[in-house]
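Biologist: Could you take a close look at the salt bridges in this one for me? I'd like to know who pairs with whom, where the partners sit, and what surrounds them in the rest of the chain.

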Amino acid sequence: MSTDLPEFSEPDEQDSDAPIQEPRLWTGNGWTARVIKNEEDEGWAVAMIKDGEPEPALVGPWTMGRDKKNPKPLDVNAFNTLVKTASEVLRRHEQQLHAQLHKSLYVATDEGQVKVMFDIVPDEEHPYAELSAYDADGEQIAKVRAPAAFKFNATAAASWIEGGYRKP
């Protein structure tokens with residue numbers, strides 16, 4: 001009597017999506033934490049790298065272990081805190097970049113308030129901006145292309161409106 005049992009074999013390599021949870025290397029939730037020697041002093045640092053990114057989003061000091069020579073091992077609580085902190089750093093960076101590239105203000109005119117927006121398009125070879133105006137109902141009045149270096153402020157916006165929304 002023969003039985004056909006399925007064959008089981010050990011995988012040759014670890015599943016690439018499986019989380020790594022080592023004392024100096026921890027992965028999960030789209031992040032990698034790596035404890036590294038701080039070259040500037042005798043301490044340790046931790047680098048938080050978002051999956052797919054070439055550079056760390058956050059590098060900060062890391063706690064020494066009990067022997068005062070080696071780093072404290074990573075654990076789930078430390079990793080989760082690092083992920084939260086690094087994610088917040090990225091979010092603030094994105095908000096700052098958005099604020100630099102997209103500005104708006106209101107100009108009072110005889111026809112009412114006009115919202116003027118200045119949006120920079122950060123093309124590597126030929127960056128430019130779009131200057132647009134909207135009435136109180138949110139209807140677009142004008143939109144022109146402007147130099148990315150255009151000095152956007154209330155005076156420039158008012159002059160643009162007074163000049164008939166011509167390209168600056």
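**Salt bridges, starting in helix H1**

Modeller: Let's start with a pair in the helix: Glu88 and Arg92 are about one helical turn from each other, because they sit four residues apart in helix H1. Bear in mind that this is a predicted model. The side chains of Glu88 and Arg92 form a salt bridge, with N and O at 3.6 Å. That falls inside the cut-off, since a side-chain nitrogen of Lys or Arg has to be within 4 Å of a carboxyl oxygen of Asp or Glu. Arg92 has a relative accessible area of 46%, so it goes down as partly exposed.

Glu88 has another partner in Arg91, and here the N to O distance is 2.7 Å. Both of these residues belong to helix H1, which runs over residues 76–101, and they are three residues apart, again about one turn of the helix. As for cover, Glu88 is partly exposed because its relative accessible area is 30%. Arg91 comes out at 37% relative accessibility, so it is partly exposed too.

Now for a pair away from that helix. Lys143 makes a salt bridge with Glu130, and their closest N and O atoms are 3.4 Å apart. This one ties together distant parts of the chain: Lys143 is in strand S8 (residues 140–147) and Glu130 is in strand S7 (residues 128–134), with their positions 13 residues apart in the count. Lys143 has 48% relative accessibility, so it counts as partly exposed. Glu130, at 26%, is partly exposed as well, because buried would need a value under 20%. Back in the helix, shared partners join Glu88, Arg91 and Arg92 into one network of salt bridges. The total for the model is three salt bridges.

You also asked about the surroundings, so here's the wider chain. It has two helices and eight strands, and reading along the sequence gives the pattern β-β-β-β-α-β-β-β-β-α. Of its 168 residues, 27% are buried.

One of the buried ones is Thr27, which sits in strand S1 (residues 25–28). Its relative accessibility is 16%, so Thr27 falls under the 20% limit for buried. The Thr27 side chain comes to 2.8 Å from the backbone nitrogen of Ile20.

Further along, Phe152 lies in the loop between S8 and helix H2 (154–162). Phe152 counts as buried because its relative accessibility is 15%. Phe152 and Leu131 are 21 residues apart in sequence, and their C-alpha atoms are 9.2 Å apart in space.

Finally, there's some charge outside the salt bridges. Glu39, Glu40, Asp41 and Glu42 make up a negative surface patch. Asp41 is in the loop between strand S2 (31–37) and strand S3 (44–50). With a relative accessible area of 45%, Asp41 is partly exposed, so it clears the 30% that a patch member has to exceed.

Key:
Residues numbered from 1 in each chain as written. Predicted model: local features only at pLDDT ≥ 70, side-chain atom pairs only at ≥ 80, totals over all residues. Heavy atoms only, no water. Patch = residues over 30% accessible without salt bridge, like charges linked within 9 Å, V, L, I, M, F, W, Y side chains within 5 Å. Areas by Shrake-Rupley, 256 points an atom, 1.4 Å probe, with all protein chains shown as cover. Lys, Arg positive; Asp, Glu negative; His and termini not counted. Charge placed at Lys NZ, Arg CZ, Asp CG, Glu CD. Buried < 20%, exposed > 50% of the residue type's maximum accessible area, 1.4 Å probe, protein only. Polar contact = N/O pair within 3.5 Å; in protein donor to acceptor, adjacent residues only side chain to side chain.
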